[in-house]
Every structure is written in structure tokens, then in C-alpha cells.
Amino acid sequence: MTKALDSAALDQIFLAARTFNKFTAEPVSDNMLQQLYDLYKWGPTSLNTQPGRVVFVRSAEAKQKLMPALMPNNVEKTMAAPVVAIVAYDTAFFEHMPTQFPANPGARDMFANNAGLSADTATRNSALQGAYLIIAARALGLAAGPMSGFNPAVVNEAFFPDGCWKANFLINLGWGDPSGNRPRGPRLAFEDSVVMA
């Protein structure tokens, strides 16, 4: 039987974790980003589709490409973050299905021949993978600031001009500076969010 995580781990990942708006100046190394990927890639996706793709934006040049897509209130914190993860999805994710889900030889064609199913699967599962990235970042001691306050079309034009990848949402990453945290917002009560059927 798998043992539950201890309270310190639960605090770090969920209970005391925060959405960070400010980070220290300490950089996030290539090795840390590799560790991050090697952890979050194990999160489940439907039929092991793994449509999620990530661009880790770190250079000043890349941040300048990203800036016009940001809503005004997200510019300062995003430009100051050591890393900005563009969580995207590969519209042709199904081309990897023969190796990633060999249990179903027809899986590739199921998606390739159904644009609606493919689009829904890519959007839903890349969002899941972005959530796994946030959890993995917290588990590794990084702070995360996810956001959807940006123009995806501008990001797609700047970073994915061939149209194969599409932006889903952004996550600022780094070593957290709690001085930028707002008061924590409340969460809905169990009875307001859950139905027992």
C-alpha cells in the first residue's frame, strides 16, 4: 500500500503553497529544468497522448518576444521572473501514438481522422500536464505563478509560427519571494463544490 505524504510535503505542494508574483534574482539552472521535466512527465494523460509542450523562456530576447502578448498587469512580474514556461500543445501529438501507446495500434488514426476529438484531447491534456508542472515545481522547491492573462494568438505568432504548437497558458517560475504574495483567497467549501452520487 502506498503511504500518504507527510504534512510537510502536503504543505509544500498544496496546503501552504502560494501563487507567486515575485521571485528572487537567483537563476533556475538547466539542470533544474531538466529535473522538473523528468518529474512532471510521469503525470497521466488520456491514452498516454502527452500533447503538452513547454517553452522555457529565459533570455531577454525571448522575453521581449513574449511581452506584447501580456496583459498590462502581468508585464512587470513576468519580465522579472527567472523563467516563464509557455505551456502549449502539439496539434499533431497523435503522430507519437504508435510508440507512446502501442497497446492500441489504431489510436493514431482515431485522432488524426477526428479534428474535434484531437483538439479537445490536446487542450485538456496539455492543461493537465501544465498542472503537473506546477506540482512538480513546488515539490522541487520552486515557486510557480500560473496565469492566463495573455493573448494566445500573439504568443503563437511569436513562438510557433508554423502553427503546429499552440499556447495554452503561462507559468512564471523561480525561487519564490513571499513579499510579493497577496492575501490568500478563500476556497469553496466541500458542500459547494462536491456532489456525492
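In which helix is the place of N156? In this predicted model, N156 is located in helix α8, a segment that comprises residues 152-159 and in which V155, N156 and F159 are buried. These buried residues cover an arc of only 100° around the axis, and they therefore lie on the same side of α8. The face of the helix turned away from that buried side carries A153 and E157, which are exposed.

The cover over the buried residues of α8 is contributed by several elements, including the strands β1 (52-57), β2 (83-90) and β4 (165-174) as well as helix α3 (60-66). For N156, the relative accessible area is 15%, and because buried means under 20%, N156 is assigned to the buried class. When residues up to four places away in sequence are not counted, N156 touches P161, W165, K166 and A167. At the start of α8, a side-chain oxygen of N151 comes to within 2.9 Å of the backbone nitrogen of A153, a residue that also belongs to the exposed face of the helix.

A separate feature concerns the surface. L5, L10, F14, L15 and I135 make a nonpolar surface patch of about 460 Å², to which helix α1 (residues 7-15) gives the most, with three residues. L5, another member of the patch, is found in the segment before α1; its relative accessibility is 51%, and L5 therefore counts as exposed, the cut-off for this class being over 50%.

Definitions and conventions: Residues are numbered from 1 along each chain as its sequence is written. This is a predicted model: local features need pLDDT of at least 70, side-chain atom pairs count only at pLDDT 80 or more; totals for chains, interfaces and linings use all residues. Side-chain values use heavy atoms; hydrogens and water are left out. Buried means under 20% relative accessible area, exposed over 50%, partly exposed in between (1.4 Å probe, protein chains only). Helices (H or I, at least four residues) and strands (E, at least two) are DSSP runs, numbered from the N terminus. The arc is that of the directions from the helix axis to the C-beta atoms. Contact means heavy atoms within 4.5 Å. A polar contact is a pair of N or O atoms within 3.5 Å; within protein, one must be able to donate a hydrogen and the other to accept it, and residues adjacent in sequence count only if both atoms are side-chain atoms. Patches are made of residues with over 30% relative accessible area and no salt bridge: like charges are joined within 9 Å, nonpolar side chains (Val, Leu, Ile, Met, Phe, Trp, Tyr) within 5 Å. Accessible areas come from the Shrake-Rupley method with a 1.4 Å probe; for residues, only the protein chains shown count as cover. A salt bridge is a side-chain nitrogen of Lys or Arg within 4 Å of a carboxyl oxygen of Asp or Glu.
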